[in-house]
Amino acid sequence: MMGSERSRMLYERAHGLMPGGVSSPVRASEPFPLFIKGGKGATLFDVDGNRYSDYCLAYGPLILGHAHPRVVEALRKQAGEGTLYGAPTELEVEMASLISSLYPSMPMMRFVSSGTEATMHALRLARGFTGRSKIIKIEGAFHGAHDSVLVKAGSGAATHGTPDSLGVPEEVARNTLLAPYNDLDAVERLMREQGGQIAALIVEPVLGNIGPVLPREGYLQGLRELTSRHDLLLIFDEVITGFRLAMGGAQEYYGVRPDITVLGKIAGGGLPIGIFGASEEIMSWVSPLGKVYQAGTFNGNPMSMTAGLETLRELREKGHEGLFHNGERMRKGLQNVLDDLGLGYKVQGIGPMYQLFLGREEVWDRAGAMRSDATLFKRLYQGLLHEGVYIPPSQFETCFLSTAHSQADIDRALGSYEKVLRGLRP
Ligand SMILES: Cc1ncc(COP(=O)(O)O)c(C=O)c1O
């Protein structure tokens, strides 16, 4: 590493201008975040001239890596023809048609500008459609930063809902019921007791926001069965898993069809996007057809549609085999490093998602993730940065691979993990 003087100077300016010097809290890290100047393929460049192999990939959207030529060229062309019209375009029709062919659960959809917006509107739609107010949210799942879903576990939270953020009215939090991930009994209990008041259950099919946590055999099928039996809607938030586990997302991979699907990240090819979709029966409740209101200046904008379309087409042509193969190489390689060093930590993930949990047991839910040593992880993060490996700066995030990462990149990263882990002691 060549030093980080320019990043430090920019941070000194930034922290007086933006809370924490950042535009989103996940980007903050001690003693200051690196300021980035560019990216190409699997590599990220900072303002001090350092290069990093990027396993954060902007928290997931960049499945083709940075500045993929096909995406860049299409964006250049589109920018020359205008970036926003506030009117329908053929691009939206192409995009909706491609997505509905990949996700049979969502023949109809609405494009919005972020995953946060998409889950917010999906929940409003579920409430409008069912005429009920409560929702079930799974502990440790993240669905964006809006009131209904900024609720997590804590003492008493399972019964009343405890705001995770100041500013969330208690009246709102009370409508968010919580259940641990991978616990069908907890979900069934809530449904038996309050079923008639619950509009929907929302879940990330694979948790991605406390590190990757996989569903136990039969869990997602169980959620499908319980939501159907108790007559409430099942919402899959596939903002992370969509297009990543398969072109048709976790619902294709695990063979479980939700009532409402939320997509984002990869779908925008590096530009802002969120999508929610469902059957025609449900989507016809959305304005202007129905009385569930949703609108947005940037909805379906031609730049996001262009980057998304080219990304999805490229990914479909390439296939997921290489991504899965490299993911396996990373996870197995990392587990071997841990075994050789006699460290009992766990590597988890699926497809092109992985994380090293600095704990002793396999993680199956939020409580399990919280038992990991998050402080030690910060030292792992700093050590890896020093070695030129850029991962998200938190134990409770997922590391991603792109089609731009070669096997050699992965083997180099494994060498870096080994070097850093060797010197890491709690
Ligand atoms: C599963 C999930 N849902 C929703 C969101 C929110 O998406 P956005 O950051 O685009 O608002 C995220 C963001 O990380 C996510 O991981």
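In the predicted model, a backbone N or O atom of Phe-142 lies 3.3 Å from a nitrogen atom of the ligand. A nitrogen atom of the ligand is also found 2.6 Å from an N or O atom in the side chain of Asp-237. On the oxygen side, a polar side-chain atom of Thr-116 is placed 2.6 Å from an oxygen atom of the ligand. Of the 390 Å² of accessible area that the ligand has on its own, 81% is covered by the protein.

The shell around the ligand includes Ser-114, Gly-115 and Thr-116, together with Phe-142, His-143 and Gly-144. Glu-204, Asn-209, Asp-237, Val-239, Ile-240 and Lys-265 also belong to these surroundings. By residue class, the shell divides into six polar, three nonpolar and three charged residues.

The second largest pocket has a volume of about 410 Å³. Its lining is made up of 21 residues, of which Pro-88, Glu-92, Arg-110, Asn-299 and Gly-300 are the closest to the centre of the pocket. Two elements, helix H3 (90–102) and strand E4 (108–112), give two or more residues each to this lining. The largest share comes from E4, with three residues. The lining of the second largest pocket contains ten nonpolar, nine polar and two charged residues.

His-230 is located in the loop between helix H8 (219–229) and strand E8 (233–237). Asp-237, the residue whose side chain has an N or O atom 2.6 Å from a ligand nitrogen atom, is the last residue in the range of strand E8. With neighbours within four places in sequence left aside, His-230 is in contact with Arg-132, Met-191 and Arg-192. The C-alpha atom of His-230 is separated by 9.2 Å from that of Ile-198, a residue 32 positions away along the chain.

Several loops carry backbone features of note. The peptide bond from Glu-30 to Pro-31 is cis, with omega near -5°, and Pro-31 is placed in the loop between helix H1 (5–14) and strand E1 (36–40). A cis peptide bond is also present from Ser-287 to Pro-288, where omega is near 10°. Pro-288 lies in the loop that runs between helix H10 (280–283) and helix H11 (302–318). In the loop between strand E6 (176–179) and helix H7 (184–194) is Asn-182. Phi of Asn-182 is near 65°, a positive value in a residue other than glycine.

Conventions. Residues are numbered from 1 along each chain as its sequence is written. This is a predicted model: local features need pLDDT of at least 70, side-chain atom pairs count only at pLDDT 80 or more; totals for chains, interfaces and linings use all residues. Side-chain values use heavy atoms; hydrogens and water are left out. On a 1 Å grid over the protein atoms alone, a cavity is a set of points where a 1.4 Å probe fits but cannot get out, and a pocket is an open set with protein on both sides within 12 Å along at least five of seven lines; lining residues have an atom within 4 Å of a point. Grid points are joined across faces, edges and corners, and a volume is the space filled by probe spheres set on the points. Helices (H or I, at least four residues) and strands (E, at least two) are DSSP runs, numbered from the N terminus. Ala, Val, Leu, Ile, Met, Phe, Trp, Tyr, Cys and Pro count as nonpolar, Asp, Glu, Lys and Arg as charged, and the others, Gly among them, as polar. A residue is near a molecule or strand if one of its heavy atoms lies within 4 Å of it. A polar contact is a pair of N or O atoms within 3.5 Å; within protein, one must be able to donate a hydrogen and the other to accept it, and residues adjacent in sequence count only if both atoms are side-chain atoms. Accessible areas come from the Shrake-Rupley method with a 1.4 Å probe; for residues, only the protein chains shown count as cover. Contact means heavy atoms within 4.5 Å.
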